[in-house]
Amino acid sequence: MAGTNRVFAAQLAGLPVFGPDGESIGKVRDVVAGLRLDQQPPRVLGLVVELATRRRVFVPMLRVTSIEPNAVTLATGSVNMRHFTQRPNEVLVCGQLLDAHAQLSESGTRVTIVDAAMEPTRTRDWVLAKLAVRERSTRLVLGRRRSAMQVLPWHEVAGLGLTDLSAQPQGAGQLLMLFDTMRAVDVAATVRDLPLKRRHEVADAMDDERLADMIEELPEDDQKELLGYLPEERAADVLEAMNPDDAADLLAELAPAEQNRLLELMEPEESAPVKRLLAYSSDTAGGLMTPEPVVLTPDSTIAEALAHIRNAELPAALASMVFVCRPPSATPTGRFVGVVHFQRLLREPPAELVASAVDTDLAALRPEAPLPEVARYFAAYNLACGPVVDAEDHLLGAVTVDDVLDHLLPDDWRETGLHDVTDHPEIQEADRA
C-alpha cells in the first residue's frame with residue numbers, strides 16, 4: 001500500500017476518499033477496529049466513509065490502496081451502500097477510543113487516550129500499533145505544566161477492552177475537537193453511530209448552542225431520547241438555543257405534562273414564539289413557519305437590509321428575502337406590506353429605501369394552509385422562503401423550502417440517506433470478518 005506507514009486516526013478523520021480514477025467517493029468519518037481478548041494490537045477492519053448522500057458505509061481496509069496526508073484512495077469506485085452498523089466486537093477509534101481512560105501496564109499510571117496510530121503489517125493488515133496518551137493527574141499543583149503526551153505500544157496500555165469502554169466514564173474533549181470542523185448535520189450523523197453511553201457523554205461535554213444545532217439534525221426518536229436524558233433545566237436551555245420551529249416540532253412529540261414543564265422552565269421571551277407555533281398543526285404553514293425572519297420597516301435603507309442578510313448565522317433560505325412591515329415590525333404584530341428579494345437588493349443603490357423595492361404582488365400563505373398547498377406555492381413561485389400572514393394582514397412568520405422538504409420526505413430519511421440501499425458485490429461482508 002502506498003503512502004505513509006503510520007497514520008493517526010484523528011488526522012485521518014475528514015480526509016476525502018477517491019476511487020481509482022479520481023472520482024470522489026466521500027469523506028472518512030471514523031476507523032473501525034476489532035478488539036482482542038489478549039494484549040495484541042487490534043486489527044483495523046476498515047473505514048466509516050460518509051458518502052455525498054450523507055449515508056455512512058463501511059469500506060474494508062483491503063479496498064484501500066493508499067493513504068496520503070490529504071486523501072485516501074480506494075481500489076474500486078463501487079462501495080457497499082448498506083448503512084454502517086457497529087458489531088459487538090468492534091470499536092470506533094475516534095468515536096469511542098479517544099478520551100478513554102486507561103492505565104499503563106507496568107506502573108499503573110492513569111492516562112487518557114489522545115489518539116491512536118494504525119500501521120500496516122507484512123500480511124497487508126493494519127493494526128492499532130501505538131497509542132498517544134497523556135497522564136491524568138489527581139492533584140492540581142500551582143505552576144505545574146500539563147503532563148506531556150507519550151506515544152506507546154498498544155500492549156503497554158491496559159483497560160481498553162470492550163467491557164472497559166462500555167462501563168467507565170469517559171471525556172469527550174478530543175472528539176469535540178474533531179467536530180469543530182464538521183457541520184451540525186455531520187456531527188449528528190457521527191453521534192447517531194455511537195453507543196448510547198458515548199452519545200450521552202458527548203452531549204454532556206457540548207455547549208448548549210452546539211448541542212441545539214446537533215439535535216435539530218437528528219431523527220425524531222433520537223431527539224426525544226437525548227432531550228429526555230438531559231436534566232430538565234438544561235433541556236430547557238437547549239430548547240431556547242434551538243430555532244423556534246424546531247423546538248416546537250420537538251415539544252409537540254412529548255407528553256403534555258413534559259411539554260408544559262419544559263415551556264415553564266424556558267425564559268418567557270423564548271417560550272412565547274414556541275407556544276404560538278404549537279397552536280398550529282405541524283403539517284400546516286403555521287406549524288412549518290419560523291417566527292424570526294428578517295423584518296424591516298418601509299423607511300429602512302437597502303444598505304440596512306443587505307447588512308441583515310449578510311449575517312453568517314442566518315440560514316440561506318431566510319437570507320433570500322426581506323419582509324417589510326409597518327411598525328411595530330416584530331412578528332406577529334407588524335402589518336405586512338410586501339417582500340424584497342435579495343437579488344433586487346443587490347441591484348438598488350444602498351441609500352434607497354426598501355419601500356422603493358417592495359414586491360407587493362407576491363401572494364402570502366395563510367397559517368392554516370395544508371402541506372400540499374404550501375408545496376404547490378413554493379413550486380409555483382420558485383421561492384426559497386415565503387410569508388405567512390393572518391386574516392388581518394399581520395406577518396406571523398416565514399416558511400422555508402427546507403422545512404417543506406423535511407415534512408414531504410419519509411420519516412426515516414435522515415437514517416436511510418437520499419437513495420435506496422444498493423448492495424454492490426465488489427465488497428463482501430467477509431472483508432469485515
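**Figure 1. Eighteen helices and nineteen strands in one protein.** This predicted model holds 18 helices and 19 strands. Measured out along the principal axes, the C-alpha atoms fill a box of roughly 75 × 55 × 45 Å. The protein has 433 residues, and 49% of them are buried. Take the contacts between residues at least 6 apart in sequence: 62% of these join residues at least 24 apart. The accessible surface comes to about 20,900 Å², and carbon and sulfur atoms account for 51% of that area.

**Figure 2. Strand β5 and its surroundings.** Here we zoom in on strand β5, which covers residues 43–51. Is this strand largely enclosed or open? Eight of its nine residues are buried, so β5 is largely enclosed by the rest of the structure. As a reminder for new readers, side chains in a regular strand alternate between the two faces of the sheet.

**Figure 3. Strand β4 beside β5.** Strand β4, made of residues 24–34, pairs with β5 in the antiparallel sense. Eight bridges link the two strands. To find your way along this pairing, look for A33, which stands opposite V44 of β5.

**Figure 4. Strand β12 beside β5.** β5 also pairs with strand β12, residues 126–135. This pairing is antiparallel too, and it extends over two bridges. A handy landmark is R43, with V127 of β12 standing opposite.

**Figure 5. The hairpin of β5 and β6.** Strand β6 spans residues 56–60 and runs antiparallel to β5, with five bridges joining the two. Follow V49 across to β6 and you will meet its bridge partner, V57. Which residue of this hairpin takes a positive phi? That residue is R54, with a phi near 80 degrees, in a hairpin that has four residues between the strands.

**Figure 6. A nonpolar patch at the surface.** Three leucines, L405, L408 and L409, make a nonpolar surface patch of about 260 Å². L408 belongs to helix α17, which covers residues 401–408. With a relative accessible area of 47%, L408 counts as partly exposed.

**Figure 7. The CBS domain positions from UniProt.** An unreviewed UniProt entry places the feature "domain: CBS" at residues 289–356 and 358–416. Let us look at residues 289–356, where the chain is 21% helix and 22% strand. The C-alpha atoms at the two ends of this stretch are 27 Å apart.

Note on methods
Residues numbered from 1 in each chain as written. Predicted model: local features only at pLDDT ≥ 70, side-chain atom pairs only at ≥ 80, totals over all residues. Heavy atoms only, no water. Patch = residues over 30% accessible without salt bridge, like charges linked within 9 Å, V, L, I, M, F, W, Y side chains within 5 Å. Areas by Shrake-Rupley, 256 points an atom, 1.4 Å probe, with all protein chains shown as cover. Salt bridge = Lys/Arg side-chain N within 4 Å of Asp/Glu carboxyl O. Buried < 20%, exposed > 50% of the residue type's maximum accessible area, 1.4 Å probe, protein only. Pairing = 2+ DSSP bridges. UniProt positions renumbered as here; feature names shortened; annotations may be inferred. Contact = heavy atoms within 4.5 Å.
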